[in-house]
Amino acid sequence: MSRALPAFGLGLILALLLDQVIRLLPAPTPNEDGHWYLQTVQYHPLLGWSGYPNFVGTKDGIPIQTNSRGYRDREPVDVEDGHKPGVLFLGDSFTWGDEVRLEERFTSLLEASCGLVCDRLPALRAMNKGIIGYGTAQSLLDYTLGRDERPFDVVILALYTGNDLTDNAEVDSPSGPRPRLIRCERKIAGQGLCLEGVPVAPVVDWPEHRLINPRGRVAGAVGWSGLITFASQRRAPGVVIKNRIASQMGDVLSALKFPIVERTSEAPVTDRIGQMEAILRALTLTTHAGGRAFGVMVFPSARMHAGDAGELQDYREILGVLGRLDIPFVDYYEKTKRLRWQDLYSGIQGHWRASGHQEAATLLRSLLVTLSAGTP
């Protein structure tokens, strides 16, 4: 026994040394082309990606934090706000609030601007479900999954003509492949749409598909270990990833309202306006079926403010779609075209400044007054 203890101790020391030496092994080459926002999202087999829960970080000095459901919003249970009508906002990085602080976003401004009554708009709870990179189809799918359990009365879609048509029509993105809703035969379709490209292929080196998720509990609890570090840097075998994805798909299929069809082409959808119309029709039917009012804020890129004629044509066609579908909307461009794009946007390829969000909040007030007057 007296000889066994020193041997055991030496073995333990050698094992710990070996565990730490493993840290010296070269790590895989990082994907330097990955957009910064990939830190704030995670792989999702149906949506392509969803918000990463409880993310905390900064971008250009601006604090970024997500709640337990992955949205840049407060926690979903707010008892003290239970008496206020809820408004759910869908959209992309403009809604999410890229390049501005949380309190500068139009959703936060709408909440903070009123007491009990302000310009006939009651005090409200704004629920922000914007996700960076989402097209209109992904917003519809996210809404269909119904992950937000808080009650709400109105749904507002922020429709960005700068890239929403492209995001819906194409299959690639900085986050890898995305799902696509396409028009299909009504006898098999859900609301005239079928879903293709799911489960979404895990092309991006998502942390969720490493041997050990570096953002998971194991890595957090045993992060000192060289073995854990090694495993969190290496992609899991394909069969393991496939099984993980299959498990996730089983969790979401019950909420899916669109038939899944095989993707037969990687080519972009040619009739982008027709596709957008079908998606907006489905979103209208889905929200109204839940007894909620639905409206749209349509807004352009800085490029259109600077004179991009191509986007202006798309913009006008989308306004025509909203008119045909009888969807209440506000026209951001019409109300702000007197301003220079520099007054609203951070750059020609950028997002709204705080002033751009202020304009959006002002416009949405009138729409919300109309929608809060009654549900469909």
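Arginine 72 sits over the face of tryptophan 96, 4.8 Å from the ring centre. A second arginine, 215, does likewise with tyrosine 52, at 3.7 Å from the ring centre. Keep in mind that this is a predicted model. Beyond those two charge-over-ring cases, here's a run through the aromatic pairs, the strands, a couple of helices and the salt bridges.

**Aromatic rings**

- The count of aromatic pairs comes to 15.
- One of them joins phenylalanine 299 and tyrosine 332, with 6.4 Å from centre to centre and 65° between the planes. That pair goes down as edge-to-face, because the label applies to planes over 60 degrees apart.
- Phenylalanine 299 belongs to strand β13 (residues 293-299) and tyrosine 332 to helix α12 (residues 332-336), so this pair ties together parts that are 33 residues apart in sequence.
- Buried or exposed, what are phenylalanine 299 and tyrosine 332? Phenylalanine 299 is buried, and tyrosine 332 is too.
- Both rings also belong to one aromatic cluster, made up of Phe89, Phe94, Phe106, Tyr160, Phe299, Tyr332, Tyr345 and Trp352.

**Strands and their partners**

- Strand β5 (residues 86-90) pairs with β8 in the parallel sense, over four bridges. Within that pairing, valine 87 has alanine 126 of β8 as its bridge partner.
- β5 also runs parallel to β9, and four bridges join them. Here phenylalanine 89 stands opposite isoleucine 156 in β9. Phenylalanine 89 turns up in the aromatic cluster as well.
- β9 goes on to pair with β13, again in the parallel sense, over seven bridges. Leucine 159 faces valine 298 of β13 across that pairing.
- Strand β8 (residues 125-128) is covered on both faces. Arg125 and Met127 are buried on one side, and Ala126 and Asn128 are buried on the other.
- Strand β9 (residues 154-160) has seven of its seven residues buried. One side carries Val154, Ile156, Ala158 and Tyr160, while Val155, Leu157 and Leu159 are on the other. Tyr160 is another member of the aromatic cluster.

**Helices α7 and α9**

- In helix α7 (residues 226-233), the buried residues include Gly226, Ile228, Thr229, Ala231 and Ser232.
- What caps the N-terminal end of α7? Serine 225 does, with a side-chain oxygen 3.2 Å from the backbone nitrogen of leucine 227.
- Glutamate 277 lies in helix α9 (residues 272-289). With a relative accessible area of 15%, glutamate 277 is buried, because the cut-off for that label is under 20%.
- The glutamate 277 side chain makes a polar contact with the side chain of arginine 324, at 2.8 Å.
- Leaving out residues up to four places away in sequence, glutamate 277 touches Val321, Arg324 and Leu325.

**Salt bridges**

- How many salt bridges does the structure hold? There are 13.
- Arginine 74 and glutamate 111 form one of them, with their closest N and O atoms 2.8 Å apart. Arginine 74 is in the loop between β4 (62-65) and β5, and glutamate 111 is in helix α3 (residues 106-112), so the pair ties together parts 37 residues apart in sequence.
- Arginine 74 is partly exposed, at a relative accessible area of 26%. Glutamate 111 is also partly exposed, with 23%.
- Aspartate 271 and arginine 183 meet through their side chains in a salt bridge, 2.7 Å from N to O. Aspartate 271 lies in the loop between β12 (260-261) and α9, with arginine 183 in strand β10 (residues 180-183), so parts 88 residues apart in sequence get tied together.
- Aspartate 271 counts as partly exposed at 37% relative accessibility, and arginine 183 counts as partly exposed at 47%.
- Aspartate 343 and arginine 340 make another side-chain salt bridge, at 3.1 Å from N to O. Aspartate 343 is partly exposed, with a relative accessible area of 30%. Arginine 340, at 51% relative accessibility, counts as exposed, because that label covers values over 50%.
- Arg180, Glu196 and Arg263 are joined into one network by salt bridges that share partners.

Conventions:
Residues numbered from 1 in each chain as written. Predicted model: local features only at pLDDT ≥ 70, side-chain atom pairs only at ≥ 80, totals over all residues. Heavy atoms only, no water. Phe/Tyr/Trp six-rings, centres within 6.5 Å; stacked < 30°, edge-to-face > 60°. Helix = DSSP H or I, 4+ residues; strand = E, 2+ residues; numbered from the N terminus. Buried < 20%, exposed > 50% of the residue type's maximum accessible area, 1.4 Å probe, protein only. Lys NZ or Arg CZ within 6 Å of the ring centre and 35° of its normal. Polar contact = N/O pair within 3.5 Å; in protein donor to acceptor, adjacent residues only side chain to side chain. Contact = heavy atoms within 4.5 Å. Pairing = 2+ DSSP bridges. Salt bridge = Lys/Arg side-chain N within 4 Å of Asp/Glu carboxyl O.
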